[in-house]
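Dear colleague,

Please find the structure below, handed over for your records. A summary of what was found in it follows.

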Amino acid sequence: MKLYYPSNSLLHYMHGFTKILTFGLILSIMPFLMDKVSSLLVMLFISLSLIAYIRPPRQQRLLLIPVIIIAISMSLSYFFADMGGEVYARVDLGYWIFQISSGNLNYAVLLFLRTIIWCLLFFIILFTTNDEDVVIGLKKFGLPEFVTLSAALTLRYWSMMIFDVKTVMDAQYVRGADFRSGSLWTRTKRFASVLIPVLFVFLKRFRTTSYALTLKGVGRKNKRTYYYNPQLTVLDRRMIGGAVIVLAIWLAVRSIYDL
Amino acid sequence: MYGVREMIHFHNYSCRYAAKDVLLRKLNLHIREGEFVFVTGPSGGGKSTLCFSINGLIPNELQGSEIEGKVVVDGIEVAQVYPYELISIVGTVLQDPEWQLVRGTVKEELTFALENMGVAADEIDRRLEEVAERTHIKPLLLRSTLELSGGQKQRVAIAACLMMRPKVIVLDEPTAELDPAGKEMVLETIHELHRKWGYTIVFVDHNLDVTLPYADRVVVVAEGQIIADVPPSKLYDVPDIGKRLPMPQIVELARRTGVRIAGRDGSSADPLTVMELQAALNDSRKAGSPGRLVSETPIGENSASPIIELKRVMFRYRKHEEELTIKPMDLKISRGEFVAVIGQNGAGKSTLCKLITGLLKPQSGEVLIHNKPSAQYRAQERVRHIGFVFQNPDYQFVARTVYDEIAYGLRVQKLGSQEIDAKVREVSALLQIDAYLQEHPHFLSRGERRRVAIASVLAMEPDVIILDEPTTGLDSVRCRELMKHICNLWQQGHTIIMLTHDMRVVADYIPRTILLSGGQIVWDEATRTVFTRGAEELSRFNISAPPVVELTRLLGWQSPALTSDEFVEAMACIETRGTPAEASGGVS
């Protein structure tokens, strides 16, 4: 599945570097510094507004479902810890103690909101930036060539790798290995058995790619040309400046009002 | 067509891998500038090694390879430079259309190598314009490489080579994984590049029927040696070559009917195209019409109860998609049938099989197996009725030995060890893989891996065996061997459903053919009836009939001969009677 989709929002026109810096770094730091639910709710509202602004298609919007499931699952882990506060309910499960307390609730909600905000910010980058711009953006951070090439290859191949894993599972299913029935141990063994064909298939695929890269001049010592090399525009500079100002204001407000 | 300047020179060249497996032995080969050299031979004979020795992957990239002698390309000794130093002389197209493209869009793919070489952006622009024009891929430039068909991907791979302005293009089985439309697209592109722009072409392939007419020379490599290096029309004049390399159908028909034509040098030669053979037959006054050839049992008259039945089955991959992948479909397949499912990529063949095997659930309608809804079978029960062999056997293998691989499904069914042992030995003997029972399945040849995959399914004794493109990428000897095994299974009472693009296999072996297009059954009839349709009608669905069918159509026969044997028999009748007439035997 391709996450990027073309559209005409301002974010679509920005440089990959700008979006990685703004949403992947500057705005991503802010939820770390927010300890109050109300502050995170404001941040969530802003993130959702940005998502609404870029109008993702249905397929992209549906990705919010697994994100919410993951965020809830992670938050639930706080109910097996003691984060203090008033205890509302407590169940002793032997090794584990399930506890609903004001402290646990607070931490669970904070983690849930932070996770959702981070995912939304990264979705903004991935939905509005094509693979080439992501790589160019990373390159502008001064990352070495092999890192940006690896990122480009990952973006190119990940959907094909998922397809291969799924086909291997199908091939085992038609031989009677049902991944949806049997004891946990049986299912674990069946999933583990999938790794062998997956490994062999990938090794053969990667060998082809390795040959292809060599035959396309990867590894030459000469200076590389960047045929596609967009420059930062006024829009990019304003966006970066705006994000830095927002972060600075937030830090000031936080220290003054102890938010 | 080609000049006198030597472009590639193998001088006493030997190559071995991991200090033991000899891949090429004392090879001497000269290829001139502008030649189209078709390299063929049995699988594992050394064809790919020959390609990789030209582009420099051997010895520099393939670790463990050792060479003796030398290969010189355009005056440069290959072993003395890194492969990336050769890319502006030798362009390479690999077999796998997906994984040799390394960038997101077609334009990025085309510019990537030049960027790595540090070529200036305005020069890249110039070359992009030129190459897009030559290979007709301008409309694809901004498209994602993931969205392209197999043929388009290989065309992009060829275009990416041309960006480097190479003098030689080496293609290592570039059509092996493509459907007929894709194969045609690649061959047309290469033919035009050779004819119009004079590139030197080294083309490795198994499909003699299609490729032979385009080549200037055929080099046959077997067991690491060149066993023939001749013009295509003289290939089968080489003694014993037919034992290693079954004849393409046109040559076979010509030889069996005693037809020869004048070669380029005026000497006697084999015809290579349907038109050449037709003209020769007309000249020798052997042409005529034998009347109607006997048809197989008409489809639908099979009285056996259906083993698989689809009732108004519909399917789409995503609920919100408007287009149905499988449109409301009814289908019955009876016990003991051998059915070919054909159609271009995306027609719905694989989806149909996944619905039958239970990998997908129909959106509406019912799939019945032995008159019981498919959904009521658990995975372990279903395998006793339906076995599915994937196109790529590597997806299936989970065990370390062939024995364990065949036994895997039986162990999932919790059978006793004695019963498992008996079944493994029985199917391995049937498919002639009993010599490899202790080998690792991933390290066998492609044909052997396919047989292991079939054996692992067959061991579970399913009533129906579905095979997805089992002959893809096999050389013609191995293809015939495999089809012989599959026919054995059919004769033993198994129902066989085969998804295939190989029309010669369909015509030679399979009595019933289902054509899918746009998610629906267009034709479901006897194979002969399918091929009785006109060339135009077949080409609407990207079907290229086998040469013998084309030939009989050009000769004006009422119904086509499907196999070489049928053709020869009918020709014998025509010759005996002297005039076109109704004949007996295979003809009615």
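**Confidence and findings**

Chain B has an average pLDDT of 87 (the predictor's confidence in each residue, from 0 to 100), and 93% of its residues score at least 70. Over residues 579–588 of chain B the pLDDT is below 50, although this stretch has 31 contacts (heavy atoms within 4.5 Å) in the model beyond near neighbours in sequence. Where pLDDT is low, the predicted coordinates should not be read in detail.

This is a predicted model, in which local features need pLDDT of at least 70 and side-chain atom pairs count only at pLDDT 80 or more, while totals for chains, interfaces and linings use all residues. Residues are numbered from 1 along each chain as its sequence is written, chains are lettered from A and ligands numbered from 1 in the order in which they are written, and side-chain values use heavy atoms, leaving out hydrogens and water.

The largest nonpolar core (buried Ala, Val, Leu, Ile, Met, Phe, Trp, Tyr and Cys residues joined through side-chain atoms within 4.5 Å; buried means under 20% relative accessible area, with a 1.4 Å probe and protein chains only) has 69 residues, of which Ile406(B), Phe531(B), Ile543(B) and Phe567(B) touch the most other members. This core lies between domain 2 (246–287 + 546–588) and domain 3 (306–540) of chain B, because both give residues to it; the domain bounds come from an automatic or database domain assignment. A second, separate core of 52 residues includes Val119(B) and Met164(B).

Yours sincerely

Key. Buried means under 20% relative accessible area, exposed over 50%, partly exposed in between (1.4 Å probe, protein chains only).
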